[in-house]
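Student: I would like to go through this model term by term. Please set each value against its definition.

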Amino acid sequence: MAENTTPAVGEMMSPQPEQPPSGEPRLRMQGISKSFGAVRALFNVDFEVHDGEVVGLVGDNGAGKSTLIKVISGVGPADEGEIFLEGKQVQIPNPQAANRLGIETVYQDLALCDNLDVVANLFLGREERSFLRSLDEIDMEKQALNVLHSLDVKLPSTRTPVATLSGGQRQSVAVAKSILRQAKVVLLDEPTAALGVAQTRQVLNLIRRLRDQGLAVVVISHNLADVFEVVDRVIVMRLGKRVGTFDIKATTPEQIVAAITGAEFGQLMATNGTVQEAQDNDSIGGK
Ligand SMILES: Nc1ncnc2c1ncn2[C@@H]1O[C@H](COP(=O)(O)OP(=O)(O)OP(=O)(O)O)[C@@H](O)[C@H]1O
Ligand SMILES: [Mg+2]
């Protein structure tokens, strides 16, 4: 009797669409809490983003999104909780510590210098880290062209002052800068809020390229159309808590809106089998 050599089937991955990708996340946060005086902005929030993944962080005004991003970027450290980068616990007490760990944040107001050209902006601040080694102009220009090419960013010239660029082009320069700094995690706070249709498209393409390069990307957005176009997973915050996690491929905008607003989930979701009915605010969509 032939012995059955088929390996035993191990534990199957849960087919639930809201499960995050397997493996250790690039960035993982656990039990993050933060208060501003009497205002509790974050309650025991867990968060994770994997290599080559775009996570959309959504929620109504005051939900705690920016506060969470500020914890990651070292701008406003948490009162409680732990942060792990590639499985190793890290402290992020200030923005310099975040940068050293490869965490880069691109804000809507973009810390670019209008009067400097693209190359100068891309390398601005680098001297802080390598002040003994002066970067020569030709090398900087070569590196700038390489990174802009790899991201498929089209600019009139790398010698154009950024003041003359469109909003989308400026946003692209800011993102390219984070690539030049060899970011592992890129946080984008409302990257398309002020942009027109074509510019928005350019920035969304850029976000896809970051993912294709294996970076972990977090995008805060109020624009659900953008979210649906570019993210892999959505994490929903409400009143300082993480209230839902959704695989974008198995989710409708209505489900996300319901989680954002705290609508009666069971009633709204009755026709869709992909998201479990919430037992309480902390478990909508599973996490
Ligand atoms: N520096 C601060 N001082 C006091 N309270 C603050 C501070 N920053 C945030 N908060 C409070 O923390 C809560 C979360 O704010 P946060 O800015 O994180 O929200 P958000 O989700 O980013 O909202 P929005 O979509 O409006 O940007 C709010 O109640 C807010 O008033
Ligand atoms: Mg905010």
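**Ligand shell, sheets and helices**

Tutor: The shell around ligand 1 holds 4 nonpolar, 6 polar and 1 charged residues. The model is predicted: local features need pLDDT of at least 70, side-chain atom pairs count only at pLDDT 80 or more, and totals for chains, interfaces and linings use all residues. Residues are numbered from 1 along each chain as its sequence is written, while chains are lettered from A and ligands numbered from 1 in the order in which they are written.

Student: Which residues are around ligand 1, and what makes a residue count as near?

Tutor: The criterion is a C-beta atom, placed from the backbone, within 6 Å of the molecule. Phe36, Val39, Ala41, Gly59, Asn61, Gly62, Ala63, Gly64, Lys65, Ser66 and Thr67 surround ligand 1. Two or more residues come from each of β2 (39–49) and α1, and α1 gives the most, with 3 residues.

Student: What makes a residue of that shell nonpolar, polar or charged?

Tutor: Ala, Val, Leu, Ile, Met, Phe, Trp, Tyr, Cys and Pro count as nonpolar, Asp, Glu, Lys and Arg as charged, and the others, Gly among them, as polar.

Student: Why are β6 and β10 said to stand at the edges?

Tutor: The open sheet has 6 strands in the order β6-β7-β8-β3-β9-β10, with mixed pairing. β6 (103–106) and β10 (241–247) each have a single partner strand, so one side of each is left without a neighbour in the sheet. On average, neighbouring strands here are turned by 20° against each other, direction ignored. Helices (H or I, at least four residues) and strands (E, at least two) are DSSP runs, numbered from the N terminus.

Student: How do you know that β6 pairs with β7?

Tutor: Pairing requires that DSSP finds at least two bridges between the strands. β6 and β7 (residues 185–189) are joined by 4 bridges and run parallel, so the pair meets the definition. Glu104 has Val186 of β7 as its bridge partner. Helix α1 (residues 65–72) packs on this sheet, touching β3 (53–59), β6, β7, β8 (216–220) and β9 (233–238), and its direction makes about 150° with that of β7. Such angles run from 0 to 180 degrees between N-to-C directions, with axes fitted to C-alpha atoms, for helices over the stretch in contact.

Student: What is the strand order in the open sheet of 4 strands, and how many bridges join β1 to β2?

Tutor: The order is β2-β1-β4-β5, with antiparallel pairing. β2 and β5 are the edge strands, each pairing on one side only. β1 is joined to β2 by 7 bridges, and Lys34 stands opposite Leu42 in β2. α1 also packs on this sheet, touching β1 and β2, at about 60° to the direction of β2.

Student: What do β4 and β5 form?

Tutor: They form a hairpin with 2 residues between them, and Glu86 in the turn has a positive phi of about 50°. The two strands pair in the antiparallel sense over 3 bridges, and Phe84 has Gln89 of β5 as its bridge partner.

Student: How do you know that the span of α5 agrees with its number of residues?

Tutor: The expected span is 1.5 Å times one less than the number of residues. For the 14 residues of α5 (residues 167–180) this should be 20 Å, and the end C-alpha atoms are 20 Å apart, which agrees.

Student: Why is α5 called largely enclosed?

Tutor: 12 of its 14 residues are buried, so α5 is largely enclosed by the rest of the structure. The cover over those buried residues includes β6, α3 (118–123), α4 (137–150), β7 and α6 (197–212).

Student: Why is Arg26 called buried, and Asn146 partly exposed?

Tutor: Buried means 20 or more other C-beta atoms within 10 Å of the residue's own, exposed means 12 or fewer, and partly exposed lies in between; C-beta atoms are placed from the backbone. Arg26 has 23 and is therefore buried. Asn146 has 13 and is therefore partly exposed.

Student: Where does Arg26 lie, and which residues is Arg26 in contact with?

Tutor: Arg26 lies in the segment before β1. Contact means C-beta atoms, placed from the backbone, within 7 Å. Beyond neighbours within four places in sequence, the contacts of Arg26 are Val49, His50, Asp51, Glu86, Lys184, Val185 and Ala216. Arg26 and His50 are 24 residues apart in sequence, and their C-alpha atoms are 4.8 Å apart.

Notes. Two residues are in contact if their C-beta atoms, placed from the backbone, lie within 7 Å.
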